[in-house]
Amino acid sequence: MTAPSHAVVIGASVAGLLAAAALSGACPRVTLFDRDTLPAEPGPRRGVPQTRQLHALQARGVQALDELLPGLRDELVAAGGVVADMQGDIHWYLDDYLLKQARTGLEGIGISRPQLEWLIRSRVALLPGVTITDKTDAVRLLTAGDQVTGVTVRAARTQDAAEETIAADLVIDAAGSGSRTPVWLPELGLDAPTTTRVRAGVTYVTRMYRRDQKQLDGRFGSLLTPYPGRPFGGAVLRQEGDRWVVLLAGMVGTEPPLDEDGMIAYAEKFASQDIAAVMRESTPLTEPLKYTYPESARYHYENLGKCLDGLLVIGDAYCTFNPIYGQGITIAALEALILRRLLSATAGRGAEGSAGLVADYFQAAGKLVDEAWETSASSDLRFPEVKGKRRRGAGLINAYGEKFRAAASVDPVLGETFLRVANMADKPAKLLSPGTVLRVFLSAGKAVRTGRGK
């Protein structure tokens, strides 16, 4: 394909907006279509069911967002987003071992999903050539041979609405779990991508509370991860507006309760009493909200033998991750940076350089997704109840991981190594470097688990 003159992005959530930011400047016209009525101010919407659940930006995610939309980091903070050193300001309990605290410079931001998405959409709407159209559904791809030529759209949630043809030479599927690309490709005579699934059976409950600055000794929050034998965990983190957001999570069929007394009792089982204490001491600001996440799905577009020229996939439409690990927005932003880099190279080389845009994107994005999948899926597959394909040597890797988490409660360097990988600042291979392995075996025997709750 030649450099695109009109790009259509299906979905105007975070991934779609970041794709538009990457396209702006390289493509004269960018049109986003979203099924929802997009709010004129920060607020929840139907197409993002997790919008009222806990959200916080990872360190690499903050950096990537600011690369795509310069100055956005400062805008998030000005809007009330709470900045935190990921190791120095948070108590992390990994398998009930308290990660050794230290200042690392890894900066995360606590901010609600409605506020974050609204700020991003406000910035993207001002970019030259970008149009955001809501209440519109993309119903099919248009093609000529192996080339995408546009999409057919109609008013959302109205079956008898008139259809309209939108010509475009690049279409990006950012429709999240509502992606239709795996259906559209076979309808066009092409193979659908193979899919890897990990069924972890996650349920979590979120509630907002009023924050007192004296609580948790002024820390940003605490986070406890589930692990085999203890399939429950949670978090309490600061967000804008002097609020706590409390999340209670369960895996492999464990479900947190929705009543206040039951939620407190659930949190009292944790190794740390931080979450239970905040709930007992604070005034609730919202009702508890339940969210279920049955499985993660990874679509292997990079393995397709034949791709449609002019069709890309980004964000949750490419891969969904267990939300407990907070990877989704970071991955979407990094995929958008890949797209921007490839478009820049295309512009520099003309038609010859653009010929491999689709294949190059899927190969680069596939490697990125593999790295994130390796950390999240392997954590889920530690649970014997979780359904999914386990790689060879998983038992040895899990045993080493248990020693690593123990050692990181003694050695702050290991704590930083873990967080840099979890925040996508370093690759997972860093966890197995010779120096890291030596530190693990020197410190693991000195670790003591935090006393368990009731």
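**Exercise 1. Between which two strands does the loop that holds Gln 50 lie, and is Gln 50 buried or exposed?**

Solution. This is a predicted model.
Step 1: find the loop. Gln 50 sits between strand E2 (29–33) and strand E3 (56–57).
Step 2: read the relative accessible area, which is 18% for Gln 50.
Step 3: apply the cut-off. Buried means under 20%, so Gln 50 is buried.
Step 4: list the contacts. Leaving aside neighbours within four places in sequence, Gln 50 touches His 55, Arg 113 and Tyr 291.
Step 5: look at Tyr 291 again. Gln 50 and Tyr 291 are 241 residues apart in sequence, yet their C-alpha atoms are 6.9 Å apart in space.

**Exercise 2. Describe the open sheet that contains strand E10, and find the bridge partner of Val 153.**

Solution. Step 1: write down the order. The three strands run E9-E10-E11, with antiparallel pairing.
Step 2: pick out the edges. Strand E9 (136–144) and strand E11 (164–167) each pair on one side only.
Step 3: add the twist. From one strand to the next, it averages 30°.
Step 4: turn to strand E10 (residues 147–155). Four bridges join E10 to E11.
Step 5: name the partner. Val 153 is bridged to Glu 164 in E11.
Remember the general rule: strands of a sheet pair through backbone hydrogen bonds, either parallel or antiparallel.

**Exercise 3. How many residues of helix H1 are buried, and what follows just after H1?**

Solution. Step 1: locate H1, at residues 14–23.
Step 2: count. Ten of its ten residues are buried. Among them are Val 14, Gly 16, Leu 17 and Leu 23.
Step 3: move just past the helix. Gly 25 takes a positive phi of about 100°.

**Exercise 4. Which side chain makes a polar contact with that of Asp 89?**

Solution. Step 1: place Asp 89. It lies in the loop between strand E4 (82–85) and strand E5 (90–94).
Step 2: find the polar contact. The side chains of Asp 89 and Arg 103 are joined at 2.6 Å.
Step 3: list the other contacts. Beyond neighbours within four places in sequence, the contacts of Asp 89 include Ala 84, Gln 101, Arg 219, Phe 220 and Gly 221.

**Exercise 5. Which helix supplies the largest share of the lining of the second largest pocket?**

Solution. Step 1: note the space, about 350 Å³.
Step 2: check the lining. The pocket has 17 lining residues, with Trp 373, Ala 377, Leu 381, Lys 389 and Arg 391 nearest its centre.
Step 3: see which elements contribute. Strand E13 (195–198), helix H9 (357–380) and helix H10 (394–407) each supply at least two residues.
Step 4: choose. H9 gives the largest share, five residues.

Note on methods
Residues are numbered from 1 along each chain as its sequence is written. This is a predicted model: local features need pLDDT of at least 70, side-chain atom pairs count only at pLDDT 80 or more; totals for chains, interfaces and linings use all residues. Side-chain values use heavy atoms; hydrogens and water are left out. Two strands pair if DSSP finds at least two bridges between them. Axes are lines fitted to C-alpha atoms, for helices over the stretch in contact, and angles run from 0 to 180 degrees between N-to-C directions. Buried means under 20% relative accessible area, exposed over 50%, partly exposed in between (1.4 Å probe, protein chains only). A polar contact is a pair of N or O atoms within 3.5 Å; within protein, one must be able to donate a hydrogen and the other to accept it, and residues adjacent in sequence count only if both atoms are side-chain atoms. Contact means heavy atoms within 4.5 Å. On a 1 Å grid over the protein atoms alone, a cavity is a set of points where a 1.4 Å probe fits but cannot get out, and a pocket is an open set with protein on both sides within 12 Å along at least five of seven lines; lining residues have an atom within 4 Å of a point. Grid points are joined across faces, edges and corners, and a volume is the space filled by probe spheres set on the points.
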